[in-house]
Amino acid sequence: MRPPLEPFLAVRAADLHWLAGLIEGEGSFSLGKHTYHGKTERRYVSPMIRVGSTDRDVFERSARIIGATSTSVSRQPRRKPFYVWALAGRAAIPWLKRLLPLMGRRRAQRIQFILKEVSCG
């Protein structure tokens, strides 16, 4: 995978709006809850933005724009390859804030919930 298309703050408005539309239709926002079992038990939450697509060009463009940290492809017999990227943890937080005003009501509420949980966690 190539490096991000542009630094976070320099993403063109057209790319940001395109990405928001893609995520609205093909993506998800989630919150992983984890427990660390080391010397002391700690609980923490991890926000995630995820997009899946059967179109490789769409997958690659969106992954470059957001600087996806995790990518994968699923290949099954008689089916198109399914490409997935994810951006998780602290790197997802600025993107959640930036995408929030561009999302529909349901996804905006999900982002607000995630941001609240992350700030409390």
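Student: Let's start with α2: which of its residues are buried?

Tutor: This is a predicted model, so treat every value here as computed from it. A residue counts as buried when its relative accessible area is under 20%. In α2 the buried residues are Val58, Phe59, Ser62, Ala63, Arg64, Ile65 and Ile66.

Student: And what phi does Gly67 take just after that helix?

Tutor: Gly67 comes just after α2, and its phi is positive. The value is about 75°.

Student: Where is Arg78, and what is its phi near?

Tutor: Arg78 sits in the loop between β3 (70-74) and β4. Most residues other than glycine have a negative phi. Arg78 has a positive one despite not being a glycine, and its phi is near 60°.

Student: Is Arg78 buried or exposed?

Tutor: Anything over 50% relative accessible area counts as exposed. Arg78 has a relative accessible area of 86%, so the label is exposed.

Student: Back to helices: how far apart should the ends of α1 be?

Tutor: α1 has 14 residues, and we allow 1.5 Å a residue. The end C-alpha atoms in the model are 20 Å apart, which agrees with the expected span of 20 Å.

Student: Where do the buried residues of α1 lie around the helix?

Tutor: The buried ones are Asp15, Leu16, Leu19, Ala20, Leu22 and Ile23. Looking down the axis of α1, they fall within an arc of 165°, so they line one face of the helix. Over on the other side of α1, Ala14 and Gly25 are exposed. The buried set, then, is on one face.

Student: How do α1 and α2 pack, and at what angle?

Tutor: Two packed helices are described by the angle between their axes and the distance between the axes. For α1 and α2 the axes are 10 Å apart, and the angle is about 120°. That makes α1 oblique to α2. As for handedness, α1 passes α2 in a crossing that is left-handed.

Student: What about Gly21: where is it, and how does its accessibility class come out?

Tutor: Gly21 belongs to helix α1. Its C-alpha atom is separated by 9.9 Å from that of Leu99, 78 residues apart along the chain. Its relative accessibility is 44%, so Gly21 counts as partly exposed.

Student: Which residues of α3 are buried, and where do they sit around the axis?

Tutor: The buried residues of α3 are Ala92, Ile93, Trp95, Leu96 and Leu99. They cover an arc of only 165° around the axis, which puts them on the same side of α3.

Student: Is Ser53 buried or exposed?

Tutor: Ser53 is in strand β2. Its C-alpha atom is 7.1 Å from that of Glu26, with the two residues 27 apart along the chain. The relative accessible area of Ser53 is 10%, so the answer is buried.

Student: Which residues have the most contacts inside the largest nonpolar core?

Tutor: In soluble globular proteins, nonpolar side chains tend to be buried together. Here the largest nonpolar core has 29 residues. Elements that give two or more residues to this core include α1 (13-26), β1 (27-37), α3 (92-99) and α4 (105-120). Those with the most contacts inside the core are Ile23, Phe29, Ile49, Ile66, Trp85 and Trp95.

Student: Last one: what pattern does the protein follow along the sequence?

Tutor: The protein has 4 helices and 4 strands. Buried residues make up 34% of its 121 residues. Read along the sequence, the pattern is α-β-β-α-β-β-α-α.

Terms used
Residues are numbered from 1 along each chain as its sequence is written. This is a predicted model: local features need pLDDT of at least 70, side-chain atom pairs count only at pLDDT 80 or more; totals for chains, interfaces and linings use all residues. Side-chain values use heavy atoms; hydrogens and water are left out. A nonpolar core is a set of buried Ala, Val, Leu, Ile, Met, Phe, Trp, Tyr and Cys residues joined through side-chain atoms within 4.5 Å. Buried means under 20% relative accessible area, exposed over 50%, partly exposed in between (1.4 Å probe, protein chains only). The expected span of a helix is 1.5 Å times one less than its number of residues. The arc is that of the directions from the helix axis to the C-beta atoms. Axes are lines fitted to C-alpha atoms, for helices over the stretch in contact, and angles run from 0 to 180 degrees between N-to-C directions. Angles under 35 degrees count as roughly parallel, over 145 as roughly antiparallel, 65 to 115 as roughly perpendicular and the rest as oblique. A crossing is left-handed if the near helix is turned anticlockwise from the far one by less than a right angle, and right-handed if clockwise.
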